Amino acid sequence: MPPRGLAILIGAGPTSGAGIARILASPAHGNFAVALLARNPDNLNTLAKGIRSSTPNPIETFPSDTTPEKLTKAFSDIRSHSSFKNLKLRVAIFHVKHSSRKPFLEETHAEFVDSLNTYVGGAMAFAQEAVKRMFEDNGKTPLAEGGEKKGTLIFTGTLGALRTNTNFAAYGASRAGARSLAQALAKEYSPLGLHVVHTILNGGVKDEDGEAQRTGKTMSAEEVGKAYLWLAEQGPSMWTHELDMRPPQEKF
């Protein structure tokens with residue numbers, strides 16, 4: 001069975017990113033061809049090799065950071081790649097990890113702004129490329145005029161998007177900024193058939209199914225992937241905009 005579409009994931013790491021990509025690529029689940037983006041090409045290729053062993057669908061890598069120039073090139077390379085010929089972009093996931101912790105008076109303006117540029121600016125640049133590609137692939141006819149769903153754009157966030165704490169000024173500002181970006185895009189593009197989601201991963205995620213997962217201490221990466229696939233498969237009558245995910249033993 002050929003892949004039913006293309007999924008793009010930036011922030012493809014060995015834990016949650018691996019599980020999400022595996023579920024999206026699996027013929028038994030998502031059945032997508034998958035483009036993986038991350039900064040480190042060696043780690044990215046190792047990850048792709050592992051996923052390829054479990055699916056016949058194309059898994060291709062595109063080293064990139066979150067700067068607009070690198071993302072524009074990555075999306076251009078994805079469009080021209082022979083593995084993805086004639087495939088429409090159906091799912092785009094901004095899954096970049098971000099951490100900054102220090103006392104506020106030790107935070108320099110340059111470091112604070114760099115945090116915002118890397119995470120919020122990166123989310124904005126990735127979203128622009130994804131939205132343009134989804135409209136190019138599917139048109140812009142509104143749902144009210146008979147248009148179809150154009151795709152699903154997911155921003156992975158954390159509890160820091162809702163509330164932050166001592167020493168997390170840059171982190172909280174960045175996470176909250178990405179959440180607000182997602183909300184603005186959902187309000188603008190939902191009528192046109194583009195589904196925008198912000199998720200909150202509150203708790204640890206590991207790409208395994210062991211005692212910690214069975215007892216609710218840590219989330220399984222593949223379970224996160226199944227949740228993301230569920231979001232991508234929602235029809236036009238009901239869309240989830242924000243999804244809070246946590247292991248049962250995680251404190252609220």
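Which residues of α1 are buried? Select helix α1, residues 16-25, in this predicted model. The buried residues are Ser-16, Gly-17, Ala-18, Gly-19, Ile-20, Ala-21, Ile-23, Leu-24 and Ala-25. That makes nine of the ten residues in the helix, so α1 counts as mostly covered, buried meaning under 20% relative accessible area. With α1 still selected, add the strands beneath: α1 lies across β1, β2, β3 and β4, and runs at about 160° to β2.

**The sheet**

Next, show the strands. Seven of them form an open sheet in the order β3-β2-β1-β4-β5-β6-β9, with parallel pairing. Go to the edges, where β3 (59-63) and β9 (242-245) stand. Each has a single partner strand, so one side of each is left without a neighbour in the sheet. On average, neighbouring strands here are turned by 15° against each other, direction ignored.

Zoom in on β5 and β6, which pair in the parallel sense over seven bridges. Pick Phe-155 and look across to β6, where its bridge partner is His-198.

Now bring in helix α4. This helix lies across β1, β4, β5 and β6, and its direction is at about 180° to that of β4.

**The cores**

Select Ile-8, Leu-37, Phe-126, Leu-153 and Phe-155. These residues have the most contacts inside the largest nonpolar core, which has 38 residues. At least two residues of this core come from each of β1 (6-10), β2 (33-38), α3 (68-80), β4 (89-94), α4 (109-138), β5 (151-157), α5 (169-189) and β6 (194-201). Helix α4 gives the largest share, ten residues.

Centre the view on Leu-37 and display what surrounds this residue. Leaving out residues up to four places away in sequence, Leu-37 touches Ile-8, Leu-9, Ile-10, Gly-11, Ala-12, Leu-44, Phe-62, Ser-64, Leu-71, Ala-74 and Ile-78. Another core, of 34 residues, lies apart from the largest one; to find it, select Ala-12, Ala-25, Ile-59 and Val-205, which are among its members.

**The aromatic rings**

Show the side chains of the aromatic residues. The structure holds seven aromatic pairs. Take Phe-94 and Phe-126: their ring centres are 5.9 Å apart and their planes stand at 50°, so this pair is tilted. Phe-94 is in strand β4 and Phe-126 in helix α4, 32 residues apart, and the pair thus links distant parts of the chain. Phe-94 is buried at 0% relative accessibility, and Phe-126 is also buried, with a relative accessible area of 0%.

Move on to Phe-135 and Tyr-189. Here the ring centres lie 5.6 Å apart with the planes at 65°, so the pair is edge-to-face. Phe-135 belongs to helix α4 and Tyr-189 to helix α5, 54 residues apart, so to speak a second link between distant parts of the chain. Phe-135 is buried, with a relative accessible area of 10%, and Tyr-189 counts as buried at 16%.

Which residue lies over the face of Phe-135? Add Lys-140 to the selection: Lys-140 takes that position, at 5.2 Å from the ring centre.

For the last stop, select Phe-75, Phe-94, Tyr-119, Phe-126 and Phe-155. Ring pairs link these residues into a cluster. Two of its members, Phe-126 and Phe-155, are also among the residues with the most contacts inside the largest nonpolar core.

Conventions. Residues are numbered from 1 along each chain as its sequence is written. This is a predicted model: local features need pLDDT of at least 70, side-chain atom pairs count only at pLDDT 80 or more; totals for chains, interfaces and linings use all residues. Side-chain values use heavy atoms; hydrogens and water are left out. A nonpolar core is a set of buried Ala, Val, Leu, Ile, Met, Phe, Trp, Tyr and Cys residues joined through side-chain atoms within 4.5 Å. Buried means under 20% relative accessible area, exposed over 50%, partly exposed in between (1.4 Å probe, protein chains only). Helices (H or I, at least four residues) and strands (E, at least two) are DSSP runs, numbered from the N terminus. Contact means heavy atoms within 4.5 Å. Rings of Phe, Tyr and Trp (its six-membered ring) pair if their centres lie within 6.5 Å; planes under 30 degrees apart count as stacked, over 60 as edge-to-face and the rest as tilted. A charge sits over a ring if NZ of Lys or CZ of Arg is within 6 Å of the ring centre and within 35 degrees of the ring normal. Two strands pair if DSSP finds at least two bridges between them. Axes are lines fitted to C-alpha atoms, for helices over the stretch in contact, and angles run from 0 to 180 degrees between N-to-C directions.
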